[in-house]
Structure formats: C-alpha cells, structure tokens
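Colleague: Hi! Could you pull up that model so we can go through it together?
Modeller: Sure, here it comes.

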Amino acid sequence: MTNPAMIKISQLHKSYGSNQVLKGVDLEVDLSQVVVVIGPSGSGKSTLLRCCNGLELAQEGTIDICGQRLIEHGVILPEKELNRLRTQVGMVFQSFNLFPHLTVLENVAVGPRTLRGMNAAQAEALSMGLLAKVGLSEKAQAMPASLSGGQKQRVAIARALAMEPKVMLFDEPTSALDPELVGEVLSVMKLLAKEGMTMMVVTHEMGFAKEMADMVVVMDGGRIIEADVPEVIFKRPKEERTRAFLQAVL
Ligand code: ADP
Ligand code: MG
C-alpha cells in the first residue's frame, strides 16, 4: 500500500470579497513528506496554509487532513471537532506569537495542560524534552522578551510540537529573522523532517527546499503553476514564471 495522504486539497477556491485568491488548488502531501511552497508575494501561499488549519474558510473545494474532512464546499467542521483537528496540525508563523507574560517553559507547557489535559508535572516533562530538542534547555525559565528572534522561533516550534501534531505547517518561519539566525531555525526544521514529520513549508530559503523538499510547489496568482522534485524546479523548470521567480529570489 502506498502512504496515505496526510493532506489532500482538491479544487480549493477562496475569495476575499471579489478578490479571488485561490483559484482551484489541488495538492497532496503524503505521510512524512516535506512539501515546500514557493511563489511571489500575494500568490496565495499563506491563505492556502491557513485554510489547512481552518483559520480561513474556502468557499469551494475540499480539504482532507489526517484522515478527516476539514472543509467541503464552504462547510467547515463543527467547532469541537475543528479544535480537535487543530491539535493535530501544528502551525508556525513568521511572527512568533509567544505569550509575553509567560516563561519559555510555560509557553510550551500551556497547550498540553489546557488542551491535552496533562497535569503540571507531565506537561513540564514533555516541554523540557522539547526545549532540549530545539536546543533551548537553558532558557526554560527565561521570558520571551530576553530571547533572540531565532530562539523565539525555536520556542514557537517547541510549543507547536507539544501538541504532538501529525502535520506541521510553516509560513515563512525565518522571514523575520536576521540572516545569522536563520540557520538555527532551519536546523530544527531539518531535524523534524528527518524524524519523519509531515511538513508543508512556505519559505524563500531555497537551500532548505533543495535539500529537504520531496516536492516543490510553485504558486502564482492563486494557482499551482508547477510542482515537481527540487532538481526539476531549480534546474529545468517548465514554466517561464517559475524561472522568473527563481531568478528574482536566488
Ligand atoms: P502570499 O502568502 O503568497 O503572499 P496571501 O495568501 O497572503 O499571499 O495573499 C493572497 C491574496 O489575498 C493577496 O491579494 C492578499 O491581499 C489577499 N488577502 C490575504 N489575506 C487577506 C484578508 N484577511 N483579507 C482580505 N484579503 C486578503
Ligand atoms: Mg504569505
């Protein structure tokens, strides 16, 4: 049997008012696959990712995620099931969105405590393990404001992992970082990928795409214009628009 699709998007259409931002997107991400989404600003990358987490409502098409139908022709899962599904779909944004009044450890532990019903000791043990994984054990008691951007983003990743998600969505996780801090965040993402995490990653880090992506998806104007293995996308893309985009970012 082939790997089951962890994310299956079919004919997704999404508009903001009269602005059509997704115009029939089809995409499958299989178990343990890393799919990197690239494309110019405004092409619909963030919207696509946000639809996969039920943060945005698409008017047409379907999304199946972790074996569950999230949305079908504009009808999304009821609140309770949606919240359960969201615990299986971790999301990391460009802006880290840590709770400023909580310590690093509390930021990671709050999800398992409130949403997974763990007691304080269990949640702390889990969180310390995750902070070790992202290389921040020694920052457990620090406040977010005292961290660098790269450290904040690693905490945000640990916080997402604390829900033990089956899929991780990353929306330009390194775009807000000073260049010297990008590598430490990409390292953590590479570690996750190597462990078999299913990942959908919007990024302009073409090195990461070349090294880690099973498939690179190129979006333009609300459509996927090309999707292939990195060797093809970066060396011999079929679409002129892909070539032009890569020339602009590389
Ligand atoms: P990308 O992530 O590729 O830069 P986005 O998905 O953010 O693209 O945006 C795609 C289009 O949708 C853009 O034209 C943008 O202006 C529009 N858009 C995004 N979010 C909203 C919103 N909340 N309300 C209205 N329009 C939006
Ligand atoms: Mg975006």
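Colleague: What is the strand order in the open sheet of five strands?
Modeller: This is a predicted model, and in it the order is S2-S1-S4-S5-S6, with antiparallel pairing. Strand S2 (19-30) and strand S6 (75-76) are the edge strands, each pairing on one side only.

Colleague: And which helix packs on the sheet, touching S1, S2, S4 and strand S5?
Modeller: That would be helix H1, residues 45-52. The direction of H1 makes about 120° with that of S1.

Colleague: Where does helix H2 lie?
Modeller: Helix H2, residues 79-88, lies across S4, S5 and S6. H2 runs at about 120° to S5.

Colleague: Let's stay with S4 for a moment. How many bridges pair S1 with S4?
Modeller: Five, in the antiparallel sense, between S1 (residues 5-16) and S4 (residues 60-65). Ser10 has Thr62 in S4 as its bridge partner, and His13 has Glu60 in S4.

Colleague: What about the pairing of S4 and S5?
Modeller: Those two pair over four bridges, again in the antiparallel sense. Ile65 has Gln68 in S5 as its bridge partner. The hairpin of S4 and S5 has two residues between the strands, and Cys66 takes a positive phi near 50° there.

Colleague: Is S4 mostly covered or mostly open?
Modeller: Mostly covered: five of the six residues of S4 are buried.

Colleague: Switching to the ligand. Which residues surround ligand 1?
Modeller: Tyr16, Asn19 and Val21 are in the shell, along with Pro40, Ser41, Gly42, Ser43, Gly44, Lys45, Ser46 and Thr47. S2 and H1 each supply at least two residues of that shell.

Colleague: Which element gives the largest share of the shell?
Modeller: H1, with three residues.

Colleague: Nice. What polar distances do you get from the side chain of Thr47 to ligand 1?
Modeller: An N or O atom in the Thr47 side chain is 2.5 Å from an oxygen atom of ligand 1. For Asn19, a side-chain N or O atom is 3.4 Å from an oxygen atom of the ligand. Tyr16 also has a side-chain N or O atom at 3.4 Å, in its case from a nitrogen atom of ligand 1.

Colleague: And how much of ligand 1 does the protein cover?
Modeller: The protein covers 59% of the 560 Å² of accessible area that ligand 1 has on its own.

Colleague: Ser43 was in that shell. What does Gly222 touch?
Modeller: Leaving out residues up to four places away in sequence, Gly222 touches Ser43, as well as Val21, Leu22, Lys23 and Val25. Gly222 is found in the loop between strand S10 (215-220) and strand S11 (223-228).

Colleague: Why does Gly222 count as buried?
Modeller: Because its relative accessibility is 0%, and buried means under 20%.

Colleague: How far is Gly222 from Ala120?
Modeller: They are 44 Å apart in space, C-alpha to C-alpha, and 102 residues apart in sequence.

Colleague: Last one: where is Val104, in which helix?
Modeller: Val104 lies in helix H3, residues 104-115. With 0% relative accessibility, Val104 counts as buried too.

Colleague: What does Val104 touch, then?
Modeller: Not counting residues up to four places away in sequence, Val104 touches Leu131, Lys139, Ala140, Ala142, Leu147 and Val155. Val104 and Val232 are 128 residues apart along the chain, with their C-alpha atoms separated by 41 Å.

Terms used
Residues are numbered from 1 along each chain as its sequence is written. Chains are lettered from A and ligands numbered from 1 in the order in which they are written. This is a predicted model: local features need pLDDT of at least 70, side-chain atom pairs count only at pLDDT 80 or more; totals for chains, interfaces and linings use all residues. Side-chain values use heavy atoms; hydrogens and water are left out. Two strands pair if DSSP finds at least two bridges between them. Contact means heavy atoms within 4.5 Å. Axes are lines fitted to C-alpha atoms, for helices over the stretch in contact, and angles run from 0 to 180 degrees between N-to-C directions. Buried means under 20% relative accessible area, exposed over 50%, partly exposed in between (1.4 Å probe, protein chains only). A residue is near a molecule or strand if one of its heavy atoms lies within 4 Å of it. A polar contact is a pair of N or O atoms within 3.5 Å; within protein, one must be able to donate a hydrogen and the other to accept it, and residues adjacent in sequence count only if both atoms are side-chain atoms. Accessible areas come from the Shrake-Rupley method with a 1.4 Å probe; for residues, only the protein chains shown count as cover.
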